[in-house]
Amino acid sequence: GTSSDSGSSGDSGGVDKVKVGVIPIIDVAPIYLGQQKGFFKNRNIELTMESGQGGAAIVPGVVSGQFQFGFSNFTSLMIAQTKNVPIKTVAAGVASTGEQGKDFGAVVVTKDSPIKTAADLVGKKVSVNTLKNIGDTVTRESVRKAGGDGANVNFVEMPFPNMQAALEKGDVDAAWVVEPQLSTIKAAGGREVASTFVDAADDLTVAAYFTSTKLLADDADLVKRFTEAVNESLAYADANPEEVRTVLSTYTKIDAALGAKLVLPKWPTQINEPSVQTLAKLGEGDGIFSGTPDLEKLLP
Amino acid sequence: MLPRLGLVDDRYLPPTSRIAAALADETGNPQFWASLGDTLVAWALGLAIAVGAGVLAGIVIGSIPVLRNLTASTVEFLRPIPSVALIPLAVLLYGTDIGSTLMLVCYAAFWQVFVQVLYGVADVDPVAYETARSFRFSAWARIRHVLWPTALPYVFTGVRLAASVALVLAITAELVIGAPGLGKEIAVAQASEAVPTMYALIVVTGILGVLINLLARTGERRLLAWHQSVRGEVAT
Amino acid sequence: MKRVLYVVALPAVLFGAWFVLSDNSESFYSPPLRDILTAFGDTWSADRLRADVVPSLLRLFAGYLLAAVIGVALGVAIGLNRRLRATVEPVLEFFRAIPPPVLVPVIMLFAGIGDGMKVIVIVFGCIWPILLNTVEGVRAVDSVVLDTARAYGVTGPARLTKVILPSAGPQIAAGLRQALSIAIILMVISEMFAASNGLGFTIVQFQRSFAIPEMWSGIILLGLLGFVLSLLFRLAEQRALRWYEGLRAAQRQG
Amino acid sequence: MLEVKGLRKVYRSGSREVEALRDLTFTVDNGDMVCLVGPSGCGKTTLLRCISGLLDPTGGDVRVNGKAVDGPPPGMAVVFQEYGRSLFPWMSVRDNVELPLKQKKVARSRRRELVDEALDAVGLTGTESAYPWQLSGGMQQRVAIARAVAYEPQTLLMDEPFAAVDAQTRADLEDLVRSLWKRLNVTILFVTHDIDESVYLGQRVVMLSSSPTVVQDELIIDLPAERDQLHTRADPRFVELRTRVYEQIQLAKKAAR
Amino acid sequence: MLEVKGLRKVYRSGSREVEALRDLTFTVDNGDMVCLVGPSGCGKTTLLRCISGLLDPTGGDVRVNGKAVDGPPPGMAVVFQEYGRSLFPWMSVRDNVELPLKQKKVARSRRRELVDEALDAVGLTGTESAYPWQLSGGMQQRVAIARAVAYEPQTLLMDEPFAAVDAQTRADLEDLVRSLWKRLNVTILFVTHDIDESVYLGQRVVMLSSSPTVVQDELIIDLPAERDQLHTRADPRFVELRTRVYEQIQLAKKAAR
Ligand SMILES: Nc1ncnc2c1ncn2[C@@H]1O[C@H](COP(=O)(O)OP(=O)(O)OP(=O)(O)O)[C@@H](O)[C@H]1O
Ligand SMILES: Nc1ncnc2c1ncn2[C@@H]1O[C@H](COP(=O)(O)OP(=O)(O)OP(=O)(O)O)[C@@H](O)[C@H]1O
Ligand SMILES: [Mg+2]
Ligand SMILES: [Mg+2]
C-alpha cells in the first residue's frame, strides 16, 4: 500500500478508497455536496468522511495515514508547519464573505452590553473555542483596527454551544462565534461588534484541505484528482447555496428553520495567499507560533 | 427522574417534553440505531477485554507478593494518565475506527477491575486460606475455590465501575475523536445547536447505564447468594 | 532498602527500554525519550509549576475531598437502608453513565466557568468508586459484629464511627484509591473546557500546537503526580487500616 | 423478669425452611441464674437472639420486665457463641471492652477501673493493647466475657461462653460468673453443653428437646448457694442432679432419631 | 512419625513481641494417638500450625516421616479451632466436605460415599445443601470434622474440635475419632482443654506449661485399648490418670502466676 494499511490505494478496479477527516460543521458542506453529485466518483475516488474534533485530532490522522486528507483552519495548519509536521495543503477549504456584518464568524455581545465597538473589548473577557488559535488572532486584529490595544484582551476557552449561555449569564463579556451559533445568538437579540475574518484580511481563506507530504510523494495522481474534485465541489457549492442548506441536514442536526437563516461562507477554489500571509503575520505577532510559518512548504 | 432535568428550564436545558420528542424522533432514525450499535459493540468488547485482563492480572499479581511489590509503583504511575491524553496515541495507532475507542475503553476500564481485584485478593480470610493449604489444594484450586469467591464481591464492584467507565469512555472517545457512535452523534448535535436532541442522546446514555447496572445486580444476586451483603437481604 | 528497590526496579527497566527503543524514532508523534526528557527539563520550570500545576492541584484536592465526604456519607446511608438503596440506585446509575465531558456544558450552566465548575466536574466523576465501594463495604459488615454492637447499645454516631466505618474501611479505601486516579483524569478533562491555566490545559495546549515532546513530558508529569499522590495515600491508608494489614499479614507471613 | 411465651422461630431462605424453635415457654425471675442445655442445633442460640431482640420471632412473645422486646433492651449484655467474630478486629482489647461503657456514658475514670478489673478477672492483664486476632481462641473468648462483665448488666445472656478455655480457666470463670451474679444481683441466662457446668452454676436448669424444639424438662438445682469447685462437685446431690439432666438429654436426642 | 525438636515461635508485630513457644520436644509415632493439653494461650494452636507447615517456626525442627516440614505435608488433615471461619461460606455443606477429596482426585462415586458417610457419622444427614452460615455453631464444627474424616488422612491434627457441641454429641464424636483411628491406623494429634477427654482418647497425653511454653510432662495412658464411655470413665485407673493430668495443669498455671 502506498500510504496506509486501512485506506487508499489498492487499485481495486481502479477506484481509490479515500478517507477525509472533517469537522462536521457548515464549512465542509461542499465536500458532502460534491460526494452527492458524484464529483469524486467521476475521478475514481470513493469517499468516506470521518469526523474529528478540530485540527488537533485530524492532523495526526492524516500524518499517520489513517486519513488521506483532512480539513483544518489555517492557523492550526501553520502551527503544525512550524513544528515541521509533514503536511501540505491541496485545496482551499472555506473563506470569509468579506462583508462587514454579514460574515459567518463574528464577535457578539448581548443586546444591552456597554461594548459598542471592537475597541471596547480591551480588558474584557472574550470566549473562543480554542485558545491560541485563529479566534484570538483575528479578534485581536479587529480590536487593533478599531484603535484598541489588541494584546490586552482576555480570552477564555469554551465550546461554541456554551457561549450563548455564558454570555447571557455574564460569565464572559463577549463571544467569538461562527455559524450556526452566530445566527442563534443574533436571533436571541445578540449584537455583532466585529466581523473578525473581514477585519483580519481581505477575503481571508480560513481553512483548507491538506494531505501528508508522504502521500503527495507516493501518489501524486490521487492528490491531483482529489484537488480537482474538491475544487469542482467548492465551485458548485458557491453557486448553489440552496443545495448547500439542504445537504447540511444530512450530516449535521441543524434544523431546517435555522438552516434557512444561516449566513453561508464563501467557497472560492483558490487559496488567497496574501490573506494567509497576513494571518501568519498576525499569529506570529501574537506569539502563537514558535517560529515563522514557512508558507512555501505549506501551500501547494 | 427526568422531570428533574426539566426543573431548570432554559433554551439550553429544554423541558422534558421536548427532550422526549427529540428522543422519539431519534428512535425513528436508522442512523441513531447504527450509532447505538457501534457504541454498544465498542463498549461490550472493550469491557470484556478489560475485565478479562483485569481479573487475570489482579489475581496473578495480587497473590504473588513479589510481583505486587514490583509493579506497585508502575501501576500507580500509569493509572492516573488520563485516557484522554492517550487520544493522540490511539488515533495514531488505530485512526478513527472502533480500534481507538476500544483501546481507550480497555485502558480506562482495566484499572477499575484490576484495583478492585487486588483489594479482593487481599481480603481472603486467613483461616479459610490455611484450610485450603492444609488440605494441599493446588495453587489453581486455591485460586478457584478460595481466592476467587472472596474476591468476587470486589470483582462485581469493579465490573460495575468498569461498565460505566467503559461507557463513559466509549462515548467520550467518539465525542472527541469522532469515531462512529453515540458520542459522535452528541458532538454533531451539540455543534448544530440541536439542544433537545443532544439531551435526548445524553438521556439514552444514562438509560444505558441503568440497564447495565440492572444486569450486574441480577448477576450479583445469583452468584453472591452466600455473601453477607446479599445474605442479609434474602434471609429473614 | 529493599522497598526502594521494589519501587524503582520496574519503572527503571521500562524507562530504559523505552529510551533505547525510541532512540531512533522518526515518528512525529512518538519522539525519542531523549527529546522528551530534554523537553521535560525545559518545560516544567518552577514558574510553570507555580502557574499551572499548583492551581490544578488545588482544584484536585478540593474536588477529591468533597467527593470523599459526599461519597462516604451517601454510601453509608444507602448501604444501611435497603429501601433507600432500591429507590436511589437507578438514579445514581443514570448519572454515573453520563460521560463527564458531555456534562461539562450542563454543569457550566449552573456553576459558570470558574474553578467551581472544575471542582464539580471532578466530584461528579470520582465520587462513583467511593460511593459504590462504601455501599458494598457497609452491606458486607459481619452480622455477628452488627449484633454485638446492637446488643451493647452501640448505636447512633458510635455505631457509625466505631463499627460500620472501620469494618467497611478496607473496601472504602479501595474506592478512595481508585477515585484518586480518576480525580486526576477529571482534573485534566475539566481543564480542557473554559480554562486558562492548569496542567490539563497545558497538556492539551501542547497537543494542539503539535509540541509533541512537551506533550509527552506533560503526560509523564501526570504519571509522576499520580505516583506521588498514591504514595501519600498509601501512607494514610496504612495508618488508618493498621489493624487490617496486621490481621492479614500476621497470619500470612507465618 | 424475663418471660418467653409460645416462642416459635422458622428460618426461611429460598426453598429451605427450618423450624428452629417450635413452642418455648419459660420464665426467669429477676436475679435468677438459669442454665439452658440442649443438643447441638436445637435452637439455643436462636432463642438467645430472640430474647436479646436481635432476631424477630416467627410467633410468640418475649417480655423483659413486662415490656415486649423489639430491640436489644437496655442493661442487657450478650456473650456470643461466635466470640471470634463478635470482637471488633480494628480495636485493641482495651477498646473492645471499653466501647460499650462509653456508649453507656460511664465516666472515664470509672471506665478505666471497670475495664482493668474485668480484664484482670478473666486473666488477661497485659494484653490490653493487643488486637483480638493476636490472641489465642481462649483468650478471645475471655475478652468477650470481660466485655460483658465490665458492662455491669442487669441481664446477662451467655452462649457457651467457656467453650474455648481450658479446664482450670473454666473453673475460675465459673466462679467469676457466680460471684458477679451474687454481687450485682444480675439475671443470668446461661447456655452450655457441659452438664456439670449447668448444674454447678444454675439455680435452675432448662432442658430443650432436639428439633423441633420445645422445653423438655426443668430442674430446680437445690444445692446450697455457697458452692465451690471441690466440694460441690463431690456432693452426692450434685451427682444425682447431673445424672437427671444427662438422662433427659439422652431422651431428647433419642426422641429425635 | 512426627518429630518436634526444640521448637520455638516468637510472634513479632510492631513493638509487641510474644514468645508463644519456647522449647518444645516430643515425638508421635505413626499410628499413635496423642492428646495435647495446656492452659489457654499457651501455644497449642501455634504448635499445630507449625506442625502442619502453615507457620514457619522461629527456631527448631518439625519433621514428618523424617522430612522437614516446609508446607502442608501430604495426607494431613487439620480441624481448625476457628471452625466457623475455616468453612467456605460460598459453598454448601456437601461441597465443603467434598472439595478436598476432589483435590485428592478421588473418583466421583467414592467421593459421594465418603461424604455421605462422614456427614452421617457426625449426625448431619439432611443438611448437605445448606450453607455453613445457616447452621448452628456445633453443626458448623461437625462439618469441619466431617471434612477431615472424609479426607481419610494419614495424620490428623485436631484443635479443640468438640468445643461447640453438646455432651452427648461429644461422646459420640469421641468414639467416632477412636474408631477412625483404629480402622485407618491414623496418626492423631488432638488438642483439647477437657482433661477427661484427653485421658479417654489418648494413648499418651502431652501437657504443656503456660507461656513461655515447654513440655511440662508426658503421661502414658495405660488403659485398655477397648474403651467405652460408661466403663472407661468409671475405671479407677481413669480417675487416677485424670487427677494426675489435672494436677500437672494446676502446676503449670501456678508456675505462670
Ligand atoms: N441463618 C439461618 N438460616 C437458616 N437456618 C438457621 C440459621 N441459623 C440457624 N439455623 C438453624 O436453626 C437451628 C438452630 O440453630 P441454633 O444456632 O439456634 O442452634 P444451637 O442450639 O445454638 O446449636 P449449637 O449448640 O450447635 O450452637 C439449626 O438447625 C440451624 O441449622
Ligand atoms: N498472630 C499473632 N500475633 C501475635 N501474637 C499471637 C498471634 N497468634 C497467637 N499469638 C499469641 O501466642 C500465644 C499462643 O497462642 P495460641 O493460639 O497458640 O494459644 P492456644 O494454646 O491455642 O490457646 P487456646 O487454648 O486459648 O486456643 C498467645 O499468647 C497469643 O496471644
Ligand atoms: Mg449455638
Ligand atoms: Mg488455640
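**View 1. The shell around ligand 1, sorted by residue class.** In this predicted model, the shell around ligand 1 is made of seven nonpolar, 10 polar and three charged residues. That shell counts 20 residues, and the closest are Lys44(D), Thr45(D), Thr46(D), Ser136(E) and Gly138(E). The names in that list carry two chain letters, and ligand 1 indeed lies between chains D and E. To find your way around, look for strand S2 (16-28) and helix H1 (44-51) of chain D, and then for helix H5 (137-150) of chain E. Each of these elements supplies at least two residues of the shell around ligand 1.

**View 2. Polar partners of ligand 1.** Which atoms of chain D can you find beside the oxygen atoms of ligand 1? Start with Gly43(D): a backbone N or O atom of this residue is 2.8 Å from an oxygen atom of the ligand. Next comes Thr46(D), where an N or O atom in the side chain lies 2.4 Å from an oxygen atom of ligand 1. Gln81(D) also takes part through its side chain, with an N or O atom 2.8 Å from an oxygen atom of ligand 1. On its own, ligand 1 has 630 Å² of accessible area, and the protein covers 91% of it.

**View 3. The magnesium ion and its two protein partners.** Zoom in on ligand 3, a magnesium ion coordinated by Thr45(D) through OG1 and by Gln81(D) through OE1, at 1.8 to 2.2 Å. Why does this pair tie together separate parts of the chain? Thr45(D) sits in helix H1 of chain D, while Gln81(D) belongs to the loop between strand S6 (76-79) and helix H2 (83-86), so the two parts being joined are 36 residues apart in sequence. Are these two residues buried or exposed? Thr45(D) is partly exposed, because its relative accessible area is 23% and the partly exposed class runs between 20% and 50%. Gln81(D) has a relative accessible area of 8% and is buried, because buried means under 20%.

**View 4. Ligand 2 and its surroundings.** Here you meet ligand 2, which lies between chains C, D and E. Its surroundings hold 21 residues, the closest being Ser136(D), Gly138(D), Lys44(E), Thr45(E) and Thr46(E). Sorted by class, the shell around ligand 2 has eight nonpolar, 10 polar and three charged residues. Three residues to look for are Gly137(D), Thr46(E) and Gln81(E). A backbone N or O atom of Gly137(D) is 3.4 Å from an oxygen atom of ligand 2. For Thr46(E), a polar side-chain atom lies 2.4 Å from an oxygen atom of ligand 2. In the side chain of Gln81(E), an N or O atom is 2.8 Å from an oxygen atom of the ligand. Ligand 2 exposes 640 Å² when taken alone, and the protein buries 94% of that. Helix H5 (137-150) of chain D, strand S2 (16-28) of chain E and helix H1 (44-51) of chain E give two or more residues each to this shell.

**View 5. Ala44(B), and how the chains meet.** Ala44(B) is part of helix H3 (residues 30-63) of chain B, and it counts as partly exposed at 35% relative accessibility. Now find Ala163(B): it is 119 residues from Ala44(B) in sequence, yet the two C-alpha atoms are 8.5 Å apart in space. Which chains share the most contacts? Among the eight pairs of chains in contact, the answer is chains B and C. Chains A and D do not touch, and their nearest C-alpha atoms are 49 Å apart. No contact joins chains A and E either, with 50 Å between their closest C-alpha atoms.

Methods:
Residues numbered from 1 in each chain as written. Chains lettered and ligands numbered in written order. Predicted model: local features only at pLDDT ≥ 70, side-chain atom pairs only at ≥ 80, totals over all residues. Heavy atoms only, no water. Near = heavy atom within 4 Å. Polar contact = N/O pair within 3.5 Å; in protein donor to acceptor, adjacent residues only side chain to side chain. Areas by Shrake-Rupley, 256 points an atom, 1.4 Å probe, with all protein chains shown as cover. Helix = DSSP H or I, 4+ residues; strand = E, 2+ residues; numbered from the N terminus. Nonpolar A, V, L, I, M, F, W, Y, C, P; charged D, E, K, R; others polar. Contact = heavy atoms within 4.5 Å. Donors = N, O, S within 2.8 Å, 3.2 Å for Na, K, Ca; no water. Buried < 20%, exposed > 50% of the residue type's maximum accessible area, 1.4 Å probe, protein only.
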